[in-house]
Amino acid sequence: MGRVSDRRRILRFSDHGGRYRADTLVVEEPLEVQLNGDAYSVTMRTPGDDVDLALGLLHSESVITAAADTGTAKHCVDSDLNVLDVTLRVPAPPPRSRFSISSACGACGTDNIAALWEHLTPSLRYDVAADSFVVPVETIIDLPDKLRASQRVFDRTGGLHAAALFTADGRLLCVREDVGRHNAVDKVVGWALREDRLPLSETLLAVSGRVGAEIVQKAAMAGIAVIAAVSAPSTLAIDLAARWGMTVAGFVRGGHCNIYSGFERIAEAGDQAA
């Protein structure tokens, strides 16, 4: 595994003027994911948990449904580049057939929102709307502090996103860090795949940044019904969550939160049901 952080010489200014010092930065490097030896995708990521990242990516793009759909997943040692080759036990997708959404461009590749629903909804394997458990709002509010306490690399660099999976009563199951929000979520889902935990019913996904449509889609594909984010959601994220029966909480910080969809899953203190 490559280094997740590195040191650089910087010039820092303060009230006492400027001085040179060493600073710790998060590492960002490309990873090429291959399927059966053929190039499939390149993503910019922080080294570490590359197999989880690849499995989560392939799951979110409907290439695989379980870890058993793959054979080996290993780095190519004969390449100077960061290449991870995954062998499949299911048919590989044809070139340029995959459909994905990204925070970089919204609903790329579709003519309108109706086409977006048509592309995404049939790929969902789990009925997240049927996951009717109730979460105390206090549990939601506590998630960012628990997530932050688990961000070991962020403490050194200040430059990483994180995603973590919690039980309905707030117990941490898995946390992953990466320079990309969506990569961190893919790593969590990849972990769940390897642990044979899908669908992730009655679990909460906490993310350190904002919630875009791609985060909602990845969570829904894994059967996660509740997302809590430190920052804001986008309109498309909320539209998707409402359509699929998911709960999204945003601006979860400082003892407060906003619930944007799936209000029925949130219980206030003393309530038996939302």
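How many cavities of 30 Å³ or more does the count come to? Just one, and we'll get to it on this tour.

**Before you click**

You're looking at a predicted model, so some filters apply: local features need pLDDT of at least 70, side-chain atom pairs count only at pLDDT 80 or more, and totals for chains, interfaces and linings use all residues. Numbering runs from 1 along each chain as its sequence is written, and side-chain values use heavy atoms, with hydrogens and water left out.

**Whole chain**

Show the protein chain as a cartoon: it comes to seven helices and 14 strands. Helices here are DSSP runs of H or I with at least four residues, strands are runs of E with at least two, and both are numbered from the N terminus. Of the 274 residues, 48% count as buried. Buried means under 20% relative accessible area, exposed means over 50%, and partly exposed is in between (1.4 Å probe, protein chains only). Contacts are heavy atoms within 4.5 Å. Among contacts with a separation of 6 or more, 51% join residues 24 or more positions apart.

**Stop 1: R3**

Select R3, in the segment before β1 (5-14). With 58% relative accessibility, R3 counts as exposed. Leaving aside neighbours within four places in sequence, R3 is in contact with V27 and P47. Now measure C-alpha to C-alpha from R3 to E28: they are 25 residues apart in sequence and 9.7 Å apart in space.

**Stop 2: two positive phi values**

Go to D49, in the loop between β4 (38-45) and α1 (50-60). D49 is not a glycine, yet its phi is positive, about 55°. It counts as partly exposed at 35% relative accessibility.

Then pick S62, in the loop between α1 and β5 (70-75). S62 is another non-glycine with a positive phi, near 65°, and it is partly exposed, with a relative accessible area of 34%.

**Stop 3: α1 against α5**

Keep α1 on screen and add α5 (181-194). The axes of α1 and α5 come within 6 Å and cross at roughly 90°. Axes are lines fitted to C-alpha atoms, for helices over the stretch in contact, and angles run from 0 to 180 degrees between N-to-C directions. The two helices are therefore roughly perpendicular; on this scale, under 35 degrees is roughly parallel, over 145 roughly antiparallel, 65 to 115 roughly perpendicular, and the rest oblique.

For the contact, show V51, D52, L53, L55, G56, L57, H59 and S60 of α1 with N183, D186, K187, V189, G190, W191, L193 and R194 of α5. By class, that is seven nonpolar, five polar and four charged residues. Ala, Val, Leu, Ile, Met, Phe, Trp, Tyr, Cys and Pro count as nonpolar, Asp, Glu, Lys and Arg as charged, and the others, Gly among them, as polar.

**Stop 4: the cavity**

Stay at α5 and select H161, A162, A163, R181, A184, V185, V207, S208 and G209, which line the largest cavity. Which elements give two or more residues to that lining? They are β8 (161-167) and α5. About 30 Å³ of space lies inside, and the lining has five nonpolar, three polar and one charged residues.

For the method: on a 1 Å grid over the protein atoms alone, a cavity is a set of points where a 1.4 Å probe fits but cannot get out, and lining residues have an atom within 4 Å of a point. Grid points are joined across faces, edges and corners, and the volume is the space filled by probe spheres set on the points.

**Stop 5: a cis bond**

In the loop between α5 and β10 (203-207), find P199. The peptide bond from L198 to P199 is cis, with omega near 0°.

**Stop 6: α6 and its partners**

Color α6 (residues 213-221) next to α5: their axes come within 10 Å and cross at roughly 5°, so the pair is roughly parallel. R181, H182, V185, D186 and V189 of α5 make the contact with E214, I215 and K218 of α6. Here the classes are three nonpolar, one polar and four charged.

How many residues of α6 are buried? Nine of its nine.

Finish with α7 (residues 235-244), whose axis comes within 7 Å of that of α6 and crosses it at roughly 25°. Show A213, V216, Q217 and A220 of α6 meeting L236, A237, L240, A241 and W244 of α7. This contact has eight nonpolar, one polar and no charged residues. Last pick: G223, just after α6, with a positive phi of about 85°.

Definitions and conventions:
1 Å grid on protein atoms, 1.4 Å probe; cavity = no way out; pocket = protein on both sides within 12 Å on 5 of 7 lines; lining within 4 Å.
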